Amino acid sequence: MSINLKDKVISEFSNFEQKLNGSKSSLLHSIRKQALEYFSKTGFPTMKNEDWRFTNINFINKYDFSFQFHPDDSNVTDADIEKFLIKDYNQNLLVFVNGFYSQRLSKLKPKGERIWIGSFADALNKRERLIEYYFNQYSNYEKDPFIALNTAYATDVACMCIFDSMEVV
């Protein structure tokens, strides 16, 4: 039996909303709902869409995808991450497990007061107005159904705030 992934993605949104812990009334969530509305009208792209004319994604309906709405990095160790790192690369490392930022596995170097690096969830707590201002500014969900899905279900992304007069080298 073929699974209609579009319908599943749309119906799972109510489960997603229940896990938002009070942020359902936020400006960000209204953008999420608009993005899901756009996706519900367009669905997944087909080869009839100009940008997808060489890519057939019909195979995704053959799989029964599960949705995870809470972070769980308990099955991932530093050793699991280590094998993917560049040797002697001593820079910031942001680790995401199943789409969620793992503070335990990430290695962030303090940058002072003029630059801040962290997760979307941390940014919402510490810099909510900045996040509300920039959320969806650079990736318009009306241009691509996958951007719409990413916007609708956005809970954790890497965030970097570089403040005025800061030089990054």
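Buried means under 20% relative accessible area, exposed means over 50%, and partly exposed lies in between (1.4 Å probe, protein chains only). With that cut-off, 31% of the 169 residues of the chain count as buried.

This is a predicted model, in which local features need pLDDT of at least 70, side-chain atom pairs count only at pLDDT 80 or more, and totals for chains, interfaces and linings use all residues. Residues are numbered from 1 along each chain as its sequence is written, and side-chain values use heavy atoms, with hydrogens and water left out.

**Stop 1: the whole chain**

Show the chain as a cartoon. The secondary structure comes to seven helices and four strands. Helices (H or I, at least four residues) and strands (E, at least two) are DSSP runs, numbered from the N terminus. Follow the sequence and the pattern reads α-α-α-α-β-β-β-α-α-α-β.

Switch to the C-alpha trace. Along its principal axes it spans about 50 × 35 × 35 Å. Now turn on the surface. The chain exposes about 11,900 Å², and carbon and sulfur atoms supply 50% of it. These accessible areas come from the Shrake-Rupley method with a 1.4 Å probe; for residues, only the protein chains shown count as cover.

Contacts are next. A contact means heavy atoms within 4.5 Å. Among contacts between residues at least 6 apart in sequence, 69% join residues at least 24 apart.

**Stop 2: the loop between helix 3 and helix 4**

Select Arg53, in the loop between helix 3 (27-42) and helix 4. Arg53 is partly exposed, because its relative accessible area is 38%. Draw a C-alpha to C-alpha distance from Arg53 to Thr155: they are 102 residues apart in sequence and 30 Å apart in space.

Thr55 lies in the loop between helix 3 and helix 4. Its relative accessible area is 34%, so Thr55 is partly exposed. The C-alpha atoms of Thr55 and Ser14 are separated by 30 Å, with their positions 41 residues apart along the chain.

**Stop 3: Asp88 and the first hairpin**

Go to Asp88, in the loop between helix 4 (78-82) and strand 1. Its phi is near 60°, a positive value in a residue other than glycine. Asp88 counts as exposed because its relative accessibility is 77%.

Then select strand 1 (residues 93-97) and strand 2 (residues 100-107), which pair in the antiparallel sense over four bridges. Two strands pair if DSSP finds at least two bridges between them. Pick Val95 and look across: its bridge partner in strand 2 is Ser102.

Two residues lie between the strands of this hairpin. Asn98 lies in that loop. It has a positive phi of about 50° although it is not a glycine. Its relative accessibility is 57%, so Asn98 counts as exposed.

**Stop 4: strands 3 and 4**

Select strand 3 (residues 115-119) and strand 4. They run antiparallel, joined by five bridges. Gly118 has Cys159 in strand 4 as its bridge partner.

Show the side chains of strand 4. In a regular strand the side chains alternate between the two faces of the sheet. Here Cys159 and Cys161 point to one face and are buried, while Ala158, Met160 and Ile162 point to the other and are not.

**Stop 5: Phe120**

Phe120 lies in helix 5 (residues 120-126). Is it buried or exposed? Phe120 counts as buried, because its relative accessibility is 3%.

Leave out residues up to four places away in sequence, and Phe120 touches Leu28, Arg32, Ile131, Phe135, Ala154, Thr155, Asp156, Val157 and Cys159. Phe120 and Ala154 are 34 residues apart in sequence, yet 8.9 Å apart in space, C-alpha to C-alpha.

**Stop 6: the largest pocket**

A 1 Å grid over the protein atoms alone sets the terms: a cavity is a set of points where a 1.4 Å probe fits but cannot get out, and a pocket is an open set with protein on both sides within 12 Å along at least five of seven lines; lining residues have an atom within 4 Å of a point. Grid points are joined across faces, edges and corners, and a volume is the space filled by probe spheres set on the points.

The largest pocket holds about 1,100 Å³ of space. Of its 37 lining residues, Asn150, Ala154, Thr155, Asp156 and Val157 are the closest to its centre.

Colour the contributing elements. Helix 1 (5-11), helix 6 (128-134), helix 7 (145-152) and strand 4 (158-162) each supply at least two lining residues. Strand 4 gives the largest share, five residues.

Finally, colour the lining by class: 26 residues are nonpolar, ten polar and one charged. Ala, Val, Leu, Ile, Met, Phe, Trp, Tyr, Cys and Pro count as nonpolar, Asp, Glu, Lys and Arg as charged, and the others, Gly among them, as polar.
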